[in-house]
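Reader: Hello! Could you walk me through this model, one question at a time?

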Amino acid sequence: MTIPFRRRRTGVRPSPVFLAFVAVAAAAGWLLWSQTEPTRTNRLLVFVFVAACWVVSLSLHEFAHAFLAWRFGDDEVEARGYLSLNPFKYAHPFLSILLPLVFILIGGIGLPGGAVYLHPHRFRSNLQRALVSLSGPAVNLVLAVVTIEWVAHTGSLNAHPLFWLAVAGLGLLQVMAAILNLLPIPGLDGWGAIEPYLDRSVQEGAQQVKPFGMLIVFALLQVNTLNVKFFDFVNWVFGWSGLPSVYGQVGVQLMQFWRN
């Protein structure tokens, strides 16, 4: 008797919500491709394109956390729907999706958003816990490299300028998100990477601060000196590609369609 070979279920099933955001991003990008003038309508298209792509990137960021955690033994991530890439499954929709979009609109800041509830005690080592935390920012770094290099080697402001500026703006936001997520502040991935190696008393004390990690980052960026140094560093990282950082800055500014 022959026993048929069965593949192990991966649990990964992209949700219709995630695919809808991908479709919106693709449609807005297609419409932008033929536009050259920064009219208010076209800038609204830039906003829709970048915002939809941003939600997709948030989903991929949180999915990376969940998938690696699942591979390391946390089976509950599948039951919670984290492997579906549905952005509304990751923590609170307001904190995960709407608040980061508001920060992009009012200040052009790619703040991290979303969170998945994991069970670190199921991991076999501190290294696994650290890798799960670092997997999210790694996704942002990969997306930053892909988008910025795409513009640097393919894009031209002489043809399809609004599209390429929008992609550059998205790349700049990915750089910001990666850097901010790596800060060692409770509630962010940078803290999650070092937390397993800290004293238990420090870990327990940080639990009270974790819910406010994103607000702490936003407050720090209101300090003029820190704000200037942060954006100088972001532009420096962006400039590694050889593409002037002003491309990304203009791309983010184009999203603010209500301004003249």
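Author: Gladly, and let's start with a definition: buried means under 20% relative accessible area, exposed means over 50%, and partly exposed lies in between (1.4 Å probe, protein chains only). This is a predicted model, where local features need pLDDT of at least 70 and side-chain atom pairs count only at pLDDT 80 or more, while totals for chains, interfaces and linings use all residues. Residues are numbered from 1 along each chain as its sequence is written, and side-chain values use heavy atoms, with hydrogens and water left out.

Reader: Thanks! Is F88 buried, partly exposed or exposed?
Author: F88 is found in the loop between α3 (76-79) and α4 (93-107); helices here are DSSP runs (H or I, at least four residues), strands are E runs of at least two, and both are numbered from the N terminus. The relative accessibility of F88 is 40%. That value makes F88 partly exposed.

Reader: How far apart are the C-alpha atoms of F88 and L157?
Author: Along the chain, F88 and L157 are 69 residues apart. In space, their C-alpha atoms are separated by 36 Å.

Reader: Zooming out, how many helices and strands does the protein chain have?
Author: Read along the sequence, the pattern of the protein chain is α-α-α-α-α-α-α-α-α-α-α. The count is therefore eleven helices and zero strands.

Reader: What does the radius of gyration say about the protein chain?
Author: The radius of gyration is taken over C-alpha atoms, and the globule rule is 2.2 Å times the number of residues to the power 0.38. For 260 residues that rule gives 18 Å, and the protein chain comes close with 19 Å, so it is as compact as a globular protein of that length. Along its principal axes, the C-alpha trace spans about 60 × 60 × 30 Å.

Reader: What share of the contacts with a separation of 6 or more joins residues 24 or more positions apart?
Author: Contact means heavy atoms within 4.5 Å. Of the contacts in the protein chain with a separation of 6 or more, the share between residues 24 or more positions apart is 75%.

Reader: And what fraction of the residues is buried?
Author: The protein chain has 260 residues. Buried ones make up 48%.

Reader: Now to the rings. How many aromatic pairs are there, and what geometry do W150 and F163 have?
Author: Rings of Phe, Tyr and Trp (its six-membered ring) pair if their centres lie within 6.5 Å; planes under 30 degrees apart count as stacked, over 60 as edge-to-face and the rest as tilted. A search of the whole structure finds 14 aromatic pairs. For W150 and F163, the centres are 5.7 Å apart with 85° between the planes, a geometry that is edge-to-face.

Reader: Which helices does that pair tie together?
Author: W150 and F163 are 13 residues apart in sequence. W150 lies in α5 (residues 126-154) and F163 in α6 (residues 161-181), so the pair ties together helix α5 and helix α6.

Reader: What angle do the planes of W150 and W164 make?
Author: The rings of W150 and W164 have centres 5.0 Å apart, and the pair is edge-to-face because their planes are at 80°. W150 is in helix α5 and W164 in helix α6, so this pair too ties together parts of the chain, here 14 residues apart in sequence. The plane angle asked for is 80°.

Reader: Are W150, F163 and W164 buried or partly exposed?
Author: W150 has a relative accessible area of 38%, so it is partly exposed. F163, at 7%, is buried, and W164, at 4%, counts as buried.

Reader: Which residues form one aromatic cluster with W150?
Author: The cluster takes in both partners of W150 described above, F163 and W164. Completing the cluster are W33 and F49.

Reader: Which residues have a positive phi without being glycine?
Author: Most residues other than glycine have a negative phi. One with a positive value is in the loop between α3 and α4, is buried at 7% and has phi near 65°: L85. Another, with phi of about 55°, lies in the loop between α5 and α6 and is partly exposed at 25%: H160.

Reader: Last one: what is K210 in contact with, beyond its neighbours within four places in sequence?
Author: K210 lies in the loop between α8 (200-206) and α9 (213-220) and is partly exposed, at 26%. Its C-alpha atom is separated by 4.7 Å from that of P186, 24 residues apart along the chain. Leaving aside those sequence neighbours, K210 is in contact with P186, G187, W191 and E195.
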